[in-house]
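Open the structure in your viewer and keep the selection tool ready. We will move from stop to stop.

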Amino acid sequence: MAFQCQRDCYMQEFVTSVVACSPAELKQEINGKKEIIKGFNVKLQDTILFPEGGGQPDDHGLIGDVPVLRVTRNGAEAVHFVGSVLEVGREVQLKVDWERRFDHMQQHSGQHLITALADSMFGYKTTSWELGRQRSTIELDTPSLKPAQVEALEAAVNEKIRANIPVTVQLLSLDDPALEKVRSRGLPDDPAGPIRIIDIEGVDANMCCGTHVSNLSHLQVIKLLGTEKGKKNKTNLIFLVGFRVLKYVERSYSIERSLVSLLKTGPDDHVDAVDKIQKTVKALQKCNLNLLRDMAVLVAQNFKLNPERDLNVYWTFFDQKVVELGPRVLEMLEGKGAGKNGRFQGKVNSMARRGEVEVVRCFTYL
């Protein structure tokens, strides 16, 4: 069956009834840790909350005043995980988290458009895609995508958006011959009811269970951020659609203003300014290391020439190799100390085995 969220992707509130409610558990990541939450699985007569599938995450929302934490599909039914028990047979009002839903609609319809044009323009097939929290990726069956191709593809998808092309939904039976002309990566193992087709007029027809915009103009704009190497000789194309583009521009501008304040230069000079700072830091680090080595030599020479030195000696030296050697030296000289960041220091209580460890040689080695 098709859920109400699939029949009308723009519906934000809906009245239905509770069909079943049973105790359940949900594994969820909270503050970076996976925790098990006890609650209830609720089945409704119908739903406007999309259960995850087709590469699209699930919707969030409310059943009455109870938050819905997860929605999954079980055959022809949607299962809503909530924290409170709901009475079976009770009439309830659903409310979808519209900001999350519309974002998913924009990204998913945008993916269909990019996929269709990448195929028609270059013959690159989409093998998978991921709707991420901040940006999404399409895996293309090609080892590389040239910058000129990315630029041409971005121009083409935005031209389709400006053309105000309608997006419609068709429901076809499993034995409908029209399915043979529809783009698909295959049906799920447990198809339930008619097959849902997302048709971008004159551009693409594709099997899909997800929620979509009704017109390409609702996508607003698509930005292709670039590519990265994918698995098995494939390429990942990174993209943003709609409000995500606006948020990306806002974040980028905020970072740009902060860099202007820190670097005391205009945006066009930021790269050169950072490059200059990095070179200066490297030069200072090299100079600092040379000074530390000179100081270690002087300390060692002073220690060697001092006739009044006793067994309680405070010593310090620098170098990663010596830091690794330090614990062994302290063990021989019955001392204590520690090393960090290329420096090792400690205090020894016996110089009886100094011939073995050649303390002075350790210093002058630096």
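Here is a short tour of strands, a helix pair and one arginine.

Before you start, note that this is a predicted model: local features need pLDDT of at least 70, side-chain atom pairs count only at pLDDT 80 or more, and totals for chains, interfaces and linings use all residues. Residues are numbered from 1 along each chain as its sequence is written, and side-chain values use heavy atoms, with hydrogens and water left out.

**Stop 1: strand E1**

Select residues 13–30, which form strand E1. Strands (E, at least two residues) and helices (H or I, at least four) are DSSP runs, numbered from the N terminus. Now add strand E2, residues 33–44. E1 and E2 pair in the antiparallel sense over 12 bridges. Two strands pair if DSSP finds at least two bridges between them. Find Pro 23: Phe 40 in E2 stands opposite. Then go to the hairpin of E1 and E2, with 2 residues between the strands. There, Asn 31 takes a positive phi near 55 degrees.

E1 has another partner to show: strand E6, residues 91–96. This pairing is antiparallel too, with 5 bridges. Look for Glu 13 opposite Lys 95 in E6.

**Stop 2: an open sheet**

In which order do the 3 strands of the open sheet lie? The order is E9-E10-E11, with antiparallel pairing. Select E9 (167–172) and E11 (204–207): these are the edge strands, and each pairs on one side only. From one strand to the next, the twist averages 25 degrees. Add E10, residues 195–200, which 4 bridges join to E11. Ile 200 faces Asp 204 in E11.

**Stop 3: Arg 101**

Select Arg 101 in helix H2, residues 98–122. Is Arg 101 buried or exposed? Its relative accessible area is 0%, so Arg 101 is buried (under 20%; exposed is over 50%, partly exposed in between, with a 1.4 Å probe and protein chains only). Show its contacts (heavy atoms within 4.5 Å). Leaving aside neighbours within four places in sequence, they include Cys 5, Met 11, Phe 50 and Asp 59. His 60 lies 41 residues away in sequence, yet 8.0 Å away in space, C-alpha to C-alpha.

**Stop 4: H2 and H4**

Keep H2 and add helix H4, residues 243–263. They pack at an angle of about 100 degrees, with axes 9 Å apart. Axes are lines fitted to C-alpha atoms over the stretch in contact, and angles run from 0 to 180 degrees between N-to-C directions. H2 and H4 are therefore roughly perpendicular (65 to 115 degrees). Finish with the meeting residues, among them Glu 99 and Phe 102 in H2 and Arg 244 in H4.

Note on methods. Parallel < 35°, antiparallel > 145°, perpendicular 65-115°, else oblique.
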